[in-house]
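Colleague: Before we turn to the details, could you take me through how one reads the pockets, the sheet and the domains of a model like this one?

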Amino acid sequence: MSSYVSLPIFASTLRERYRLEEPRCRSCGTLNVPARMACIECGRGDFDWEKLTGRGRVFTYTVIARGGAPTEFDEQQIMSGSLVVAIVELEEGAKVVAQLTDCDPEEVRVGSPLKAVFRKLYDQEGVVRYGYKFVMDEERE
Amino acid sequence: MEVAVIGVGQTSFGTFPKKSLKALFFEAFQEALRDVEKGLDPKEIEEAWIGTLSTGGGQLGNQAALLCETVGLAGVSAHHVENACASGGFAFRNAVMAIRSGRCRVAMAAGIEKMTDLPRERNRLWLGVSGDVEWERLAGTNFPGIYAMLARRHMYEHGTLKEWITGVAVKNHANAVHNPKAQFRFPIDLERAMRAPMLADPLTVFDACGITDGAAVAIVCRADEARRYTDRPVMVMGSGAATDYLAIHDRKDLTGLLAARKAAAQAYKEAGVGPKDIQVAEVHDCFTIAEIMAYEDLGFCEDGQGGFLIRDGLTKLDGPIPVNPSGGLKAKGHPIGATGIGQICEIVHQLRGDVQEPIRQVKGARIGLTHNVGGSGGTAVVHIFRSPE
């Protein structure tokens, strides 16, 4: 089975996945999400890490039908049926792809306010992989 | 050094449980050889590029050498090209560059994919691995979801209607009815396609390609020697290729594919022509929305207006700019690595005026284009061709 992220490699990204800390380029000021070795905008490699607010808005989204997600999410789809995935535009400007959870797919719109939550992503080799998903932010319009 | 296509061949695209990787390749190669009007000694082929993602078929490493051996070309310098669904188009670009460089006289560009011998789970795995695996796929989405999100953004920014998007499938199925080599040779109606089971909202199963076996081969040579082999050489006017961020969340604009725009700009510049000069095109409609975006990326219309071309029927067989007369990836079939070369086969026949079923022949077409995309636009390659003088 290829297309697999090993535990040590996954562990090296926990700062981003658990605490939403991401690097900002010292040269051009671009926030890089996820982190890179060379800045996504200017190609240089010096960064200052900062903690993000976790607030963002739906840039675009989809509802993936049962069985349509990657095999790592089969167990989740057996329980939840469909799975909502969005490109989230973060308050700080960068975009990330993440699942929307605890929400009614019918209520999701482009522009809906979101906030990040800590959730289980998938299981592999008996180890749970955690990271961020997003929920609708009821406190904002 | 100008480059000419002197022969093309492809298998039918479809489900062929009894045809191995080798059998598929042999069939396409033999057809390409037969297509060289005045004959070609296969030993004249000096270099071969074979595009494939290697999903099924039982061979992973050294696939190019194996397939060359299969057709009696053991010993030739051969390369496996992998750029996801654009592997075939990039294989062709390599062959073009090799001829242009003067390093070789005759070269082969091919593509192949054996997909139907895999269990469903393993096919699902392969179909998700050409986007960004670490952050995109393992967040929970593979390609239907990615293209669905691109479709949603296009609808949001440009008011594109779902019926125009799915209209691409209706058009391409109508063309495939007349293509004996197509996988899905049946017409579909818009209402039924719109009501089909949802794959990734707003895309239904009729907005997506199937799982397909197939192989295709193109043989190219120096243009100044082309007449030795055929009186109907099709000239390569321009070649362009580019890459982009694999994950769509890293891109500024999600209503088009920047790599395709860059590839098209290069190809148009080399060819000395513009979008208005293109009379027939085979574009990468891996999902229906991809064809709408292709119209804009290739300059067939203004940004945001791709849907209007479907609404107004402008890209149908009898329209001013027929797109995917073969049936496209949607209905002709999308055997990943073979797709880019299959597009070139179609355009070569169109420009020579010898399409097998006359009803699909775009009359008088002299300049044609192929547009081949890898993943969700991580790679893209565009070629422009001219009919024989």
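Colleague: Which helix gives the most to the lining of the largest pocket?

Modeller: The general idea is to go through the lining by secondary-structure element. In this predicted model, H4(B) gives the most to the lining of the largest pocket, with 5 residues. Helix H4 (120–127) and helix H5 (143–158) of chain B each supply at least two residues of that lining.

Colleague: How many residues line the largest pocket, and which lie nearest its centre?

Modeller: The lining has 27 residues, and Leu127(B), Pro144(B), Cys209(B), Ile211(B) and Phe287(B) are those nearest the centre, while the volume of this pocket is about 620 Å³. Sorted by class, the lining comprises 16 nonpolar, 8 polar and 3 charged residues.

Colleague: Why does the largest pocket lie between domain 1 and domain 2 of chain B?

Modeller: Here one asks which domains the lining residues belong to. The domain assignment of chain B gives domain 1 as 3–119 + 211–234 and domain 2 as 131–209 + 237–386; because both of these domains give residues to the lining, the largest pocket lies between them. The centres of the two domains of chain B, taken over C-alpha atoms, are separated by 23 Å, and 43 residues of domain 1 are in contact with 39 residues of domain 2.

Colleague: What classes of residue make up the lining of the second largest pocket?

Modeller: That lining has 6 nonpolar, 5 polar and 10 charged residues. The second largest pocket, with a volume of about 440 Å³, is lined by 21 residues, of which Glu41(A), Lys95(A), Asp250(B), Arg251(B) and Lys252(B) lie nearest its centre.

Colleague: Turning to the sheet, in what order do the strands of chain B come?

Modeller: One follows the pairing from strand to strand. In chain B, 9 strands form an open sheet with mixed pairing, in the order S3-S2-S4-S7-S1-S8-S11-S10-S9. Its edge strands, each pairing on one side only, are strand S3 (77–81) and strand S9 (280–282) of chain B, and from one strand to the next the twist averages 25°.

Colleague: How many bridges join S8 to S11 in chain B, and how do these strands run?

Modeller: Strand S8 (residues 234–243) and strand S11 (residues 379–386) of chain B run antiparallel and are joined by 8 bridges; Thr243(B), for instance, has Thr379(B) in S11(B) as its bridge partner. Helix H8 (residues 258–271) of chain B lies across S8, strand S10 (367–374) and S11 of chain B, and runs at about 150° to S8(B).

Technical notes:
Residues numbered from 1 in each chain as written. Chains lettered and ligands numbered in written order. Predicted model: local features only at pLDDT ≥ 70, side-chain atom pairs only at ≥ 80, totals over all residues. Heavy atoms only, no water. 1 Å grid on protein atoms, 1.4 Å probe; cavity = no way out; pocket = protein on both sides within 12 Å on 5 of 7 lines; lining within 4 Å. Points joined across faces, edges and corners; volume = space filled by probe spheres on them. Helix = DSSP H or I, 4+ residues; strand = E, 2+ residues; numbered from the N terminus. Nonpolar A, V, L, I, M, F, W, Y, C, P; charged D, E, K, R; others polar. Domains from an automatic or database assignment. Pairing = 2+ DSSP bridges. Axes fitted to C-alpha atoms, helices over the stretch in contact; angles between N-to-C directions. Contact = heavy atoms within 4.5 Å.
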